[in-house]
Amino acid sequence: MTQLWRGRFSASIRRGPCTQSPEDLGRVMPVLEAALHRYGAISISANPIWKDEDAQTCESVLAQMGYKRVPEYEQTLPTATALVDVQMSEEDLLRSFSTRRKRDLRAARADNMLVRSVESIDEAVQLTTIMREMAKRTGLEIDGRHDFRSQFHFFKERPHLGLINVASLDGQIVGGSVSFFEGDRSLLNIVTAVPGLKGGRSTSLYWQAMLDAKNHGCRWLDLDGYPDPREPSDPCEAGRQEFKDSYRPQIVTLPPMMSRVLRPIEALTYRKIRRLYRKSKWKTQIKALLQQSG
């Protein structure tokens, strides 16, 4: 939930809600909407995880209830993803990789790269620094989810929901990853590495994530996004697509983030304020005032 001003917020259900079927959303969403409205929500966004035909059904059910796709600049979650089947044996899984990925793993072993679970908050702090430097270098937009310190505390209390891995060379941390366990899939949500990591050694983090998913009893490792095959190809995505293709995944389509207004007048007011905010040179002062009002 994101607070907008005193007593009002926008609600976002990322990768949810979870239901037994897409059709069940027709019964579940009204209950959630009523509860969130009582607490002061002016809008609700949802992004249930269904794939292919079920994803289309999900979008249709939500549309019939008044939900609309959020604008493209607000679609922060992928509408397609790559799933690696981890149920096969480790040997068969390795054989399915591209020649380049196999070479990466051999090189990482030759360098004695170690991938293991995070051990301390100090290591989480180091990973957060690597993540921030990577964001500056690549232009990646990051938020609280990319703070390994908060993830460390989250998993310390809930180890059954996922884990953090670190990659080290010669005793120095050079990268890390975050995985969440969600039913029959493990979501590889974050992967970061220092710029000098040669030869695609981050492949070791992906390989360990597959082993973790397998050991946890998951069917799939979700690589968290893939260029949507229903959309025109984007040359800027070619490198990311090629890298994920090298693991020979299954490509599936997902529902988009969809939203519904619960308080029309207040939602309209907020959109106008937000439009003025984007154009204003006083953004910092406005944000501070809104925070004080809460």
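Helices and strands are DSSP runs, numbered from the N terminus. By that numbering, aspartate 170 sits in the loop between β7 and β8. The model is predicted, and the results below describe its helix packing, its salt bridges and its unusual backbone angles.

Helix α5 covers residues 121-138. This helix has 18 residues and reaches 25 Å from its first C-alpha to its last. The expected value at 1.5 Å a residue is 26 Å, so the two are close. Just after α5 comes glycine 139, with a positive phi near 85°.

Which residues of α5 are buried? They are Glu123, Ala124, Leu127, Thr128, Ile130, Met131, Met134 and Ala135. Seen down the axis of α5, these buried residues fall within an arc of 165°, so they line one face of the helix. The face turned away from the buried side looks different in its burial: Asp122 and Lys136 are exposed there. The buried residues of α5 pack against strands and a helix: β6 (114-117), α6 (148-157), β7 (162-169), β8 (172-182) and β9 (185-193).

Helix α6 can be described in the same way. Its buried residues are Phe148, Gln151, Phe152 and Phe155. They cover an arc of only 105° around the axis, which puts them on the same side of α6. These buried residues pack against α5, β7, β8 and β9.

Two packed helices are described by the angle between their axes and the distance between the axes. The axes of α5 and α6 come within 7 Å. They cross at roughly 140°. That angle makes α5 oblique to α6, because only angles over 145 degrees count as roughly antiparallel. From α5, the residues that meet α6 are Ile121, Ala124, Val125, Leu127, Thr128, Met131 and Arg132. Their partners in α6 are Phe148, Arg149, Phe152 and His153.

Side chains of opposite charge can pair when their charged atoms come close. A search of the whole structure finds 15 salt bridges. One of them joins the side chains of arginine 219 and aspartate 85, at 3.2 Å from N to O. This pair links distant parts of the chain, with its residues 134 apart. Arginine 219 lies in the loop between α7 (203-215) and β10 (220-222). Aspartate 85 belongs to strand β5 (residues 80-85). Are these two residues buried or exposed, or in between? Arginine 219 has a relative accessible area of 30%, so it is partly exposed. Aspartate 85 is also partly exposed, because its value is 21% and buried means under 20%.

A second salt bridge is formed within a helix. The side chains of arginine 101 and aspartate 104 meet at 2.8 Å, N to O. Both residues lie in helix α4 (residues 99-110). They are three residues apart, about one turn of the helix. Arginine 101 has a relative accessibility of 5%, so it counts as buried. Aspartate 104 counts as buried too, at 5% relative accessibility.

A third salt bridge pairs arginine 230 with aspartate 228, again at 2.8 Å, N to O. Arginine 230 is partly exposed, with a relative accessibility of 42%. Aspartate 228 is buried, because its relative accessibility is 12%. Salt bridges also form a network, which links Arg15, Glu182, Arg185 and Asp222.

Most residues other than glycine have a negative phi, and most peptide bonds are trans. Some places in the model depart from this pattern. A cis peptide bond joins glycine 16 and proline 17, with omega about 5°. Proline 17 is placed in the loop between β2 (8-13) and α1 (25-39).

Positive phi values also occur at residues that are not glycine. Aspartate 170 has a positive phi of about 50°. Its place, as stated at the start, is the loop between β7 and β8. Aspartate 170 counts as exposed, because its relative accessibility is 76% and the cut-off for exposed is over 50%. Arginine 248 has a positive phi of about 55°. Arginine 248 is found in the loop between α8 (238-245) and β11 (250-253).

Terms used: Residues are numbered from 1 along each chain as its sequence is written. This is a predicted model: local features need pLDDT of at least 70, side-chain atom pairs count only at pLDDT 80 or more; totals for chains, interfaces and linings use all residues. Side-chain values use heavy atoms; hydrogens and water are left out. A salt bridge is a side-chain nitrogen of Lys or Arg within 4 Å of a carboxyl oxygen of Asp or Glu. Helices (H or I, at least four residues) and strands (E, at least two) are DSSP runs, numbered from the N terminus. Buried means under 20% relative accessible area, exposed over 50%, partly exposed in between (1.4 Å probe, protein chains only). The arc is that of the directions from the helix axis to the C-beta atoms. Contact means heavy atoms within 4.5 Å. Axes are lines fitted to C-alpha atoms, for helices over the stretch in contact, and angles run from 0 to 180 degrees between N-to-C directions. Angles under 35 degrees count as roughly parallel, over 145 as roughly antiparallel, 65 to 115 as roughly perpendicular and the rest as oblique.
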